[in-house]
Amino acid sequence: MTHDEYISYDGSGLAKLVREKEVEPSELLDLALERVSVLNREVNAVVRLMEEDARAAAQNYKADRVFSGVPFLAKDLGSHFAGHPTSAGSQFTKDIVAKQDTELVRRLRATGVSIFGKTNLPEFGLTPYTEPELWGPCRNPWDLARTPGGSSGGSGAAVAAGFTPMAGAGDGGGSIRIPASCCGLFGLKPTRGRTPTGPSRGQVWRGATVEHILSRSVRDSAIMLDMTHGADSGAPYEITLPENPFAEEVRHDPGRLRIAWTTNPILGSEVHPDCINAVEEAVGLLEELGHELVETEPQIDGEGFARAFMLMVASEVGADIHDAETVLGRRARRGELEPATHVLSLLSKSLSAREFSSALRLLEHEARSVGAFFENHDMLLTPTIATPPARIGELTPTPTEQLQLRALGLIGSGRLVKMIGLLDEVAKHAFDFTPWTPVFNVTGQPAMSVPLHWNPDGLPIGVHFVARFGAEATLFRLAGQLERARPWFDRLPEIAKNVPNA
């Protein structure tokens with residue numbers, strides 16, 4: 001198999017070749033590793049290889065598995081692999097070795113994939129761009145001067161560059177959908193509780209975070225969700241099982257849907273014309289396909305939501321650092337946490353139980369309001385993000401802000417952080433790039449970014465669909481219809497096409 005042939009198939013297509021004995025899993029793994037060796041110096045998507053494990057899986061494959069022998073990459077956060085470190089993108093936690101597989105990893109392995117490495121991410125998955133101090137910036141294959149998004153930026157870049165047809169991702173505020181938009185991929189965030197968080201975690205980020213994959217095809221996403229969904233032992237909640245396999249839903253017509261749409265930012269301030277154009281083009285396409293489009297939007301207290309969400313995140317970051325300190329038996333040393341992460345951890349120490357509970361109540365209230373909106377609409381359409389993929393360094397704190405953060409870290413006072421209103425400032429600017437996606441992590445609704453638009457500079461611009469709680473089937477039906485109407489699979493960045501055969 002040549003590299004051109006390798007990138008012409010999705011995961012399902014490669015698995016079919018394996019089942020029909022037209023290609024061996026070891027050959028697919030060789031191709032994946034060759035692509036990483038040639039392109040990763042520029043893209044910086046893969047931060048750790050797991051070649052020995054992948055070789056064993058490829059040699060001992062079972063041909064009846066849905067993704068037998070298909071190379072796969074995992075995000076270096078959330079999904080733990082026994083005997084391998086999970087860095088979480090942090091100098092402090094980079095060497096903590098997992099004692100057991102998480103339940104989702106166990107289910108991933110059962111699909112037959114050959115998991116050959118871990119992907120780049122921001123520290124603790126905190127930002128919508130992937131520029132950690134530990135691993136260095138990950139770059140977008142469509143334009144190496146730009147971000148692939150975050151926090152699953154390494155996975156997005158790896159799939160766009162053709163390292164693998166799909167890669168693991170997690171979404172706590174848009175971290176599947178943002179890189180899908182930036183990298184021209186399909187990215188679905190499942191409903192809260194659809195995929196497992198065990199055996200040791202319950203609600204990750206108070207239920208906002210859910211794991212799945214980034215892929216080039218809709219069917220790969222659907223098949224993988226068929227294989228990984230369902231509550232595990234001790235799960236904090238269990239949602240209704242689907243009536244049909246998601247893979248079947250992709251082939252079904254969605255019927256006439258009532259779709260609300262808006263380009264108004266819920267949390268941020270401005271939206272780039274390219275992102276508005278992407279939605280308006282999608283509206284026209286959906287009307288051609290027979291859907292009812294209504295320009296309207298849910299009413300949300302954006303300022304209050306942003307502050308409450310950031311307060312929740314700060315509290316969770318503080319708890320993550322405390323857990324890591326317990327495992328390591330020591331406190332984080334100076335320089336082991338990035339300045340912004342350190343300041344968030346300081347802030348978490350100064351927050352009262354009442355402030356934390358009040359923030360959660362505000363988020364729950366807004367989720368109820370959004371739920372009521374969907375009683376009259378099957379779906380909501382928005383831009384995925386507010387701008388085309390940002391340039392590397394454009395979204396990071398300025399040098400002055402970095403100095404301020406480092407100074408606050410040296411002082412070590414969470415009370416001072418509160419007193420100067422840092423959380424309010426962070427909340428004010430945090431969602432300018434992502435004014436829609438975090439809302440639906442809080443509501444728990446399934447949502448997807450679909451690659452329907454490329455701007456005049458050749459950069460992908462995703463459009464964002466949200467469905468009712470538990471309605472992934474509706475999303476997959478619509479995604480399948482859109483994929484047939486406006487195919488995107490063969491649209492790849494030039495860098496992915498220029499790998500010489502060995």
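Me: Before we look at the predicted model, which residues count as nonpolar, which as charged and which as polar?

Reply: Ala, Val, Leu, Ile, Met, Phe, Trp, Tyr, Cys and Pro count as nonpolar, Asp, Glu, Lys and Arg as charged, and the others, Gly among them, as polar. By these classes, the lining of the largest cavity in this predicted model has seven nonpolar, eight polar and two charged residues.

Me: What makes the empty space in this structure a cavity, and how many cavities of 30 Å³ or more does the search find?

Reply: A cavity is a set of points where a 1.4 Å probe fits but cannot get out, and the search of the whole structure finds three of 30 Å³ or more. The largest has a volume of about 110 Å³, and among its 17 lining residues the closest to its centre are Gly 193, Thr 195, Thr 197, Gly 202 and Tyr 237.

Me: Which elements give two or more residues to the lining of the second largest cavity?

Reply: The second largest cavity, with a volume of about 90 Å³, takes two or more lining residues from each of β2, α5, β4 and β6, and its lining divides into seven nonpolar, four polar and two charged residues.

Me: Why are α12 and α14 called oblique to each other?

Reply: Helix α12 and helix α14 pack at an angle of about 45°, and since angles under 35 degrees count as roughly parallel and 65 to 115 as roughly perpendicular, with the rest outside the antiparallel range being oblique, the two helices are therefore oblique to each other.

Methods
Residues are numbered from 1 along each chain as its sequence is written. This is a predicted model: local features need pLDDT of at least 70, side-chain atom pairs count only at pLDDT 80 or more; totals for chains, interfaces and linings use all residues. Side-chain values use heavy atoms; hydrogens and water are left out. Axes are lines fitted to C-alpha atoms, for helices over the stretch in contact, and angles run from 0 to 180 degrees between N-to-C directions. Helices (H or I, at least four residues) and strands (E, at least two) are DSSP runs, numbered from the N terminus. Angles under 35 degrees count as roughly parallel, over 145 as roughly antiparallel, 65 to 115 as roughly perpendicular and the rest as oblique. On a 1 Å grid over the protein atoms alone, a cavity is a set of points where a 1.4 Å probe fits but cannot get out, and a pocket is an open set with protein on both sides within 12 Å along at least five of seven lines; lining residues have an atom within 4 Å of a point. Grid points are joined across faces, edges and corners, and a volume is the space filled by probe spheres set on the points.
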